[in-house]
Amino acid sequence: MTGLNSSWIESFRILCEECSFTRAAKRLHMTQPGMSQHIAKLEDQLGTKLIERDAPGFLLTEAGEKTLALAQSRWREERAFLDNLDDDNADKGRLSLACSGSLATFLYPRLMEWMAEAPGLSIHLDAAPEETIVEGVLWGACDFGIVTGEQRHPRLAVDRLGGEHLDLVLPGAWEGRVPSFSDLQELGYIQHPDGRRYADLVLGANFAPEYRGAETLSIRSSVNQIGQIPAPVACGLGYTILPRSGILAFPKRDKLSTASLARPTLLELRLIWLKGKTRSKRAEKLGDIVREEAGRLD
């Protein structure tokens, strides 16, 4: 057998990460048929099936599990090799960071400033759920992650960045006023993917016993794009609850107000990376920038 095709191996690795031909193809800027062809060609080259179709997704065969392990090992070795080439230059090379959507929106302008000053630097920022962030760091898909949950995995190093406020966000006309729970119900909640969890944390702490769970909230609208969640609030159409980073990154934040609550809610931000991994100067600089920006949220 000739050497394995690196493009097909990489396509297989991305497919396993995304668990979807459509998402994997989009990530690799391919068509879905092209993605399927890569997998089929890899299976032909190996002479065995790697996946079994199982609606709505697929399952890995035993050979698929072994091939995935090889693909991940190759990825980590290549990343380590490329990182080590430019360890002494803080402004050259590749870095990757995964975090929540609100933090990504908040951090990216600062990262763009750094890239503008360092033409040889490539930074990849991925907005993802916490489970995906942790898996990405463990697999070597990203250098750093920012999470809020407690992390006890033996392969992860953890650095506390500080707390980020969960803000009760109201239209600008409410500046200086503290709403009652009935006021909020009359305004209506702007729901979003993390809205129920945030409501339980903030409303449960500040409006007991009136608040009886997110399912009892009066919902005015819902949106799943982080940059758009504050928009209806700015127009006076309702209220929402968001991490402070999502508010600071909103262009029309002057049309918003933040309620002063008796019991503020903080999310603990933690920077994670693989233990034992050599820290390049650019990785150290990224960590410093993240810590500095996180300090604006406490």
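In this predicted model, helices α5 and α11 sit oblique to each other, because their axes cross at roughly 140° and only angles over 145 would count as roughly antiparallel. Those axes come within 11 Å, and the crossing of α5 past α11 is right-handed. On the α5 side, the contact is made by Phe106, Leu107, Arg110, Leu111 and Trp114. From α11, the partners are Arg282, Lys285, Leu286, Ile289, Glu292 and Glu293. Sorted by class, this contact turns out to be a mix of six nonpolar and five charged residues, with no polar ones.

The same pair of helices turns up again around a bit of empty space. A search of the model gives two cavities of 30 Å³ or more, and the second largest of them has a volume of about 30 Å³. The elements giving two or more residues to the lining of this second largest cavity are α5, which spans 101-117, and α11, which spans 281-294. Its lining is made up of Leu103, Phe106, Leu107, Ile146, Leu161, Leu269, Val290, Glu293 and Ala294.

Some names come up in both places: Phe106, Leu107 and Glu293 take part in the helix contact and also line the second largest cavity. As for chemistry, the lining of that cavity has eight nonpolar residues, no polar ones and one charged one. The charged residue is Glu293. The contact between α5 and α11, by comparison, has five charged residues, with Arg110 of α5 and Arg282 and Lys285 of α11 among them.

Terms used:
Residues numbered from 1 in each chain as written. Predicted model: local features only at pLDDT ≥ 70, side-chain atom pairs only at ≥ 80, totals over all residues. Heavy atoms only, no water. 1 Å grid on protein atoms, 1.4 Å probe; cavity = no way out; pocket = protein on both sides within 12 Å on 5 of 7 lines; lining within 4 Å. Points joined across faces, edges and corners; volume = space filled by probe spheres on them. Helix = DSSP H or I, 4+ residues; strand = E, 2+ residues; numbered from the N terminus. Axes fitted to C-alpha atoms, helices over the stretch in contact; angles between N-to-C directions. Parallel < 35°, antiparallel > 145°, perpendicular 65-115°, else oblique. Left-handed = near helix turned anticlockwise from the far one by under 90°. Contact = heavy atoms within 4.5 Å.
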